[in-house]
Amino acid sequence: MIVTICLTGMAAWVITTWLRVKNGYPLQGSWGQSVYPRANDETVERVKLLSQENAQLKAELGSIKDRLANVERIVTDGAHSLDREIEQLRGRTN
């Protein structure tokens, strides 16, 4: 029984470590120091690219929020004022 518990604990530790390595999480030594990954040019470049992508996605999310606010305004606005705005826009183009 005790051997089974020890083997299960060791297997769980191995699986957890493998998942951390696979997903790029830093591993810690016995005193809490970082063991992996080491900072190299590839990781620095990867962080730069991810930061740029993050900024682009934030900008896109901001524009989507603006569009959603306009759609919400149109949906919640009364039909009368919406008709009036549409007619005003048609009058401008003609």
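Is arginine 73 buried, exposed or partly exposed, and what is its relative accessibility? I looked this up first and found that arginine 73 counts as partly exposed, at 41% relative accessibility. A residue is called partly exposed when its value lies between the 20% and 50% cut-offs.

**Entry: model and confidence**

I note that this is a predicted model. The protein chain averages a pLDDT of 83, and 86% of the residues score at least 70. I then compared the elements: α2 has the highest mean pLDDT, 90, whereas strand β2 (residues 34-36) has the lowest, 65.

**Entry: overall fold**

I counted three helices and two strands in the protein chain. Their order along the sequence is α-β-β-α-α.

I next checked the span of helix α1, which covers residues 2-23. Its 22 residues should span 32 Å at 1.5 Å a residue, and the C-alpha atoms at its ends are 32 Å apart, so the expectation and the model agree. Immediately after α1, I found glycine 24 with a positive phi of about 85°.

**Entry: surface**

I looked up how much of the chain is covered. Of its 94 residues, 2% count as buried. The exposed area of the protein chain is about 8,800 Å², of which carbon and sulfur atoms supply 61%.

I also recorded a nonpolar patch on the surface, formed by Val3, Leu7 and Met10. Together these residues have about 320 Å² of accessible area. Valine 3 belongs to helix α1. I classed valine 3 as exposed because its relative accessible area is 58%, and the cut-off for exposed is over 50%.

**Entry: salt bridges**

Side chains of opposite charge can pair when their charged atoms come close. How many salt bridges does a search of the whole structure find? The search finds two.

One joins the side chains of arginine 73 and glutamate 85, with an N to O distance of 3.7 Å. Arginine 73 lies in helix α2 (residues 41-76) and glutamate 85 in helix α3 (residues 79-93), so this pair ties together parts that are twelve residues apart in sequence. Glutamate 85 is partly exposed, at 31% relative accessibility.

The other involves arginine 90 and glutamate 87, whose closest N and O atoms are 3.1 Å apart. I placed both of these residues in helix α3, three residues apart, which is about one turn of the helix. An α-helix has 3.6 residues a turn, so residues three or four places apart point the same way. Arginine 90 counts as partly exposed, at 49% relative accessibility. Glutamate 87 is also partly exposed, with a relative accessible area of 47%.

**Entry: closing note**

I return to arginine 73: this residue is partly exposed, and its salt bridge with glutamate 85 links helix α2 to helix α3.

Key: Residues are numbered from 1 along each chain as its sequence is written. This is a predicted model: local features need pLDDT of at least 70, side-chain atom pairs count only at pLDDT 80 or more; totals for chains, interfaces and linings use all residues. Side-chain values use heavy atoms; hydrogens and water are left out. Helices (H or I, at least four residues) and strands (E, at least two) are DSSP runs, numbered from the N terminus. The expected span of a helix is 1.5 Å times one less than its number of residues. Buried means under 20% relative accessible area, exposed over 50%, partly exposed in between (1.4 Å probe, protein chains only). Accessible areas come from the Shrake-Rupley method with a 1.4 Å probe; for residues, only the protein chains shown count as cover. Patches are made of residues with over 30% relative accessible area and no salt bridge: like charges are joined within 9 Å, nonpolar side chains (Val, Leu, Ile, Met, Phe, Trp, Tyr) within 5 Å. A salt bridge is a side-chain nitrogen of Lys or Arg within 4 Å of a carboxyl oxygen of Asp or Glu. pLDDT is the predictor's confidence in each residue, from 0 to 100.
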